[in-house]
Amino acid sequence: MNQENSLEAEEKVILDDIASRLKVFGRERGELIPILQMIQERHAYIVEDAIKMTAEHLGIAICETYGVATFYNQFRFHPPGKNQIKVCLGTACHVRGGDIILENFERKLEIRDGETTPDREFSIERVVCVGCCALAPVAIVNETVQGHMAPSKVEGLILGFKIEKEKAEREKQKSEPAQ
Amino acid sequence: MSPLNNETVQKAFGVIRDEAKRRRDAFREEPVPKIQIGMATCGIASGALETKNAFEEVLAERKIEAHIRTVGCIGHCYAEPVVIMDHPESGFPPIFYHNVTPGKAKMLAKSFLEEGDPLFEHVLGAMEENDLVPQVLDFPRFNQEKRVVLEKCGRVDPEDIYEYIADGGYETLAKILQLAPNEIIEEVQKSGLRGRGGAGFPTGRKWDLARNADGQHKTVICNADEGDPGAYMDRTLLESNPHQVLEGMAICAYAVGAQKAIVYVRAEYPLAVKIVTKAIGQARELGLLGEGVLGSSFDLEIDVFQGSGAFVCGEETALIQSIEGNRGMPRHRPPYPVQQGLGGQPTVINNVKTLASIPPIIEHGATWFRAIGTEKSPGTAIFSVVGNIVHAGLVEIPMGVTLRTLIFDICGGVPNKKKFKAVQIGGPSGGCLPEDFLDTPIDFDSLIQAGAMMGSGGMVVMDEDTCMVDVSRYFLDFTQKESCGKCTFCRIGTHHLLNTLERITKGEGRDGDLEQLETLSEDIKDGSLCGLGKTAPNPVLTSLRYFRDEYEAHVKERRCPARMCRTLTAFYIDLDKCARGCDACVGSCPVEAIFTTKDRKKGVDQSLCVKCGECMVACPAEYDAVMKVSPPDLAPIIEQAVDD
């Protein structure tokens, strides 16, 4: 219940922001993809109502807007996790076992690619070639490219995040009684 | 153009060039050591940022005076992070260091810059001829390349336009503004340059068609929607030397009579987008773009458009659709974009490498360019050689060099003493060529004859552990997802091909599957409109042609000869080799599939094993006890006693 409320509030903030940003864009059809990119860049995903707002701004049908947005791989329609994991499955990564890396992340986090963990800490996506083929297999964790991945490195990365989170929580607890 | 105009252009450019040279000389003459770090995406991925920070820290800490300069990528990805240190006072020439970790960086700063010891054990080579250190040019990875397009990459700072100008940049643009447009087109036609996007259409002819097409608002588009998984030279070029591309675009725009140009970059390349945008701003500031370029009557605005991740948008009509805000679906040609493109106006769409080839061609002349490469494919080709290869990275070679020279001599061959099996050229549209084709010269026509294609220049080398059926399945999985859905054969046909291949890799192949793959592949080629569908079956067709026995082993024997298809392989521990005392494999297993029996035998629970191969890596080399077999029933069964 609580979580739902916060998600709603979150979306409202996002929509207000988009409304103010839309003003700088023209109303030609050619602005559609730049607008969608702006939304995703600022908010990491495209909220359902944002599609409606974009369609109204450009004077085109909602289904048409949705059709374009879903055509391109870049656009996401669910909020990603705090830590975004992208596993490269380009040719070089595939030959060097990229799918095994993806599977290890999936197993470790108990989600499939394209999903977010219920606590919204992690999400996994597969990407096709980030152009670091010489370092294959590659995963991108929060914009940092991790080259020469191995199953053991997957465990290490996730453990690192968990330890950091626990540390942050401990520190928060420590500082709370003082206030 | 009037002689008055010529004078204005020359004068305007002279001022900029003098300033660039003054800056360069001032930098060169400063009597401090210079540290040059390669900072393109692959460098950063290998830790170049950390290396740079380490240098900054140690310089500040020990009060060493030195300049740190960031440059683009020189294409030697296997050696990243790459650092070149120039310390003239030490008596050594500029030295090239590879794999410079932060620790190594600190050590180098201390030993080389403070004590004058260049630490020979970390040196890859010297950048110039000298008596002390062997030159990098003595290595085949360096001396067999012929750099035309990548020449300045890794030498200039991509974020400083003056460095490019001091290195001879924009000189060509200033020169052509004094020529008539058709003179430029003639020169490009004479050079025989063919489009580097893969199809190899003569660039000069494309420009000529665009010049003669009717339309007031012509556009030039630089196609940097590098979608082929396994190719990244366009990105490197934009990140390492964006101005050469912009100069090529400006020359093209002047020649065809366009006032607007667009760089269409993949959104997956954020650094390239950032650097190109900055480069455009700098060029505009100096009057090399914008209204009245260099004081002439030629206007040009260049914008950046970010593609949103659709492989099919590399196709020119789909690319235009996406700029116009539609789904990127190709349309029928003719009319070609040079007649009716963006907004119905004539549009020239050239690949990044094609445009970057223009300034050198105009500078040195068509005859010079023709002397490189082969008669029908003059010039150079850039390949990203990756996969199971020792010296992975970008290589620019003259057309006509054989695959063997490229893979074995220049790139060092296959690592870990494995055997070479095949090389995949041209990505999802290309094909796999076996060993017999290693003496094929690399040019547009020979590759097509062999069943592959130049494509975008992705080259993935595969060793004996790579399953060709699985590689075909991989490519079909890619093209099937990327099919825009317009043509039935492409949409449903690729899906069906993929299903069949998936069944085969799982050991569920049936009689007649291979024949059906072949007929369906031909049908998809015939029934598709654009290059995606027309070439999507290529990986299947070439691998069926050259590696049919592997397909047959999968279908008839339920066996994967390369032991790659996971359903068809199993791991076990050879108890004769196993030391029994160590638990390295048990600890490494992510799913706890490896167990130890009471008498210290190690077994693998096949129902739990995910076949990741970690145990094989973990098992100490002196035992080498983990075995991989196909078909899976070859693995001996070890009972895991529940009690006692």
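Mentor: P137(A) has its place in the loop between β2 (122-127) and β3 (139-141) of chain A, and please keep in mind from the start that this model is predicted.

Trainee: What is the form of the peptide bond from A136(A) to P137(A)?

Mentor: The bond that leads from A136(A) into P137(A) is cis, and its omega is near -10°. Chain B offers a further case, in that the bond from S630(B) to P631(B) is also cis, with omega near -5°, and P631(B) belongs to the segment after β18 (626-629) of chain B.

Trainee: Before we go on, how many helices and strands does chain A have, and in what order do its elements run?

Mentor: Chain A has seven helices and four strands, and if you follow them from the N terminus you read α-α-α-α-β-α-α-β-β-β-α. Its C-alpha atoms fill a box of roughly 55 × 50 × 25 Å along the principal axes, and 34% of its 179 residues count as buried.

Trainee: Why does E164(A) count as exposed?

Mentor: E164(A), which is part of helix α7 (residues 151-178) of chain A, has 11 C-beta neighbours inside 10 Å. A residue is called exposed if that number is 12 or fewer, and therefore 11 neighbours place E164(A) among the exposed residues. You can also find E164(A) by its distance from G90(A), for the C-alpha atoms of these two, 74 residues apart along the chain, are separated by 31 Å.

Trainee: What makes L294(B) a buried residue?

Mentor: Here the count is 23 C-beta neighbours inside 10 Å, and the word buried applies from 20 upwards, so L294(B) meets the condition. L294(B) is found in the loop between α12 (270-285) and β8 (301-307) of chain B, and its phi is near 50°, which is a positive value in a residue other than glycine.

Trainee: And why is R580(B) called partly exposed?

Mentor: R580(B) has 14 other C-beta atoms within 10 Å; since exposed means 12 or fewer and buried means 20 or more, a count in between is called partly exposed, and 14 is such a count. The phi of R580(B), near 65°, is again positive in a residue that is not glycine, and R580(B) lies in the loop between β15 (570-573) and α24 (584-588) of chain B.

Trainee: How do you know that the buried residues of α9(B) line one face of the helix?

Mentor: Let us name them before we judge them: in helix α9 (residues 203-212) of chain B, the buried residues are T203(B), G204(B), K206(B), W207(B) and A210(B). When you look down the axis of α9(B), these residues fall within an arc of 160°, and so they line one face. The partners they pack against are α8 (181-191), α11 (242-256), β9 (347-351) and α14 (352-364) of chain B.

Trainee: Why are α19(B) and α20(B) called roughly antiparallel?

Mentor: Helix α19 (residues 488-505) and helix α20 (residues 513-527) of chain B pack at an angle of about 160°, and their axes are 9 Å apart. Angles over 145 degrees count as roughly antiparallel, and therefore this pair earns the name. The crossing of α19(B) past α20(B) is left-handed, and among the residues that make the contact are F489(B), L497(B) and I504(B) of α19(B) and L517(B), L520(B) and I524(B) of α20(B).

Trainee: What makes α18(B) and α19(B) roughly antiparallel to each other?

Mentor: The reasoning is set out in the same way, for the axes of α18 (residues 468-482) of chain B and α19(B) cross at roughly 150° and come within 9 Å. As 150° is over the 145 degrees required, the pair is therefore roughly antiparallel. Helix α18(B) passes α19(B) in a left-handed crossing, and the contact includes L476(B) of α18(B) and L498(B) and L501(B) of α19(B).

Trainee: Which domains does the assignment give for chain A, and which for chain B?

Mentor: For chain A the assignment gives domain 1 (2-71) and domain 2 (83-173), with 28 Å between their centres. For chain B it gives domain 1 (31-138), domain 2 (161-367), domain 3 (380-463), domain 4 (468-557) and domain 5 (569-634), and the centres of domain 2 and domain 5 of chain B are separated by 55 Å.

Terms used:
Residues are numbered from 1 along each chain as its sequence is written. Chains are lettered from A and ligands numbered from 1 in the order in which they are written. This is a predicted model: local features need pLDDT of at least 70, side-chain atom pairs count only at pLDDT 80 or more; totals for chains, interfaces and linings use all residues. Domain bounds come from an automatic or database domain assignment. Helices (H or I, at least four residues) and strands (E, at least two) are DSSP runs, numbered from the N terminus. The arc is that of the directions from the helix axis to the C-beta atoms. Two residues are in contact if their C-beta atoms, placed from the backbone, lie within 7 Å. Axes are lines fitted to C-alpha atoms, for helices over the stretch in contact, and angles run from 0 to 180 degrees between N-to-C directions. Angles under 35 degrees count as roughly parallel, over 145 as roughly antiparallel, 65 to 115 as roughly perpendicular and the rest as oblique. A crossing is left-handed if the near helix is turned anticlockwise from the far one by less than a right angle, and right-handed if clockwise.
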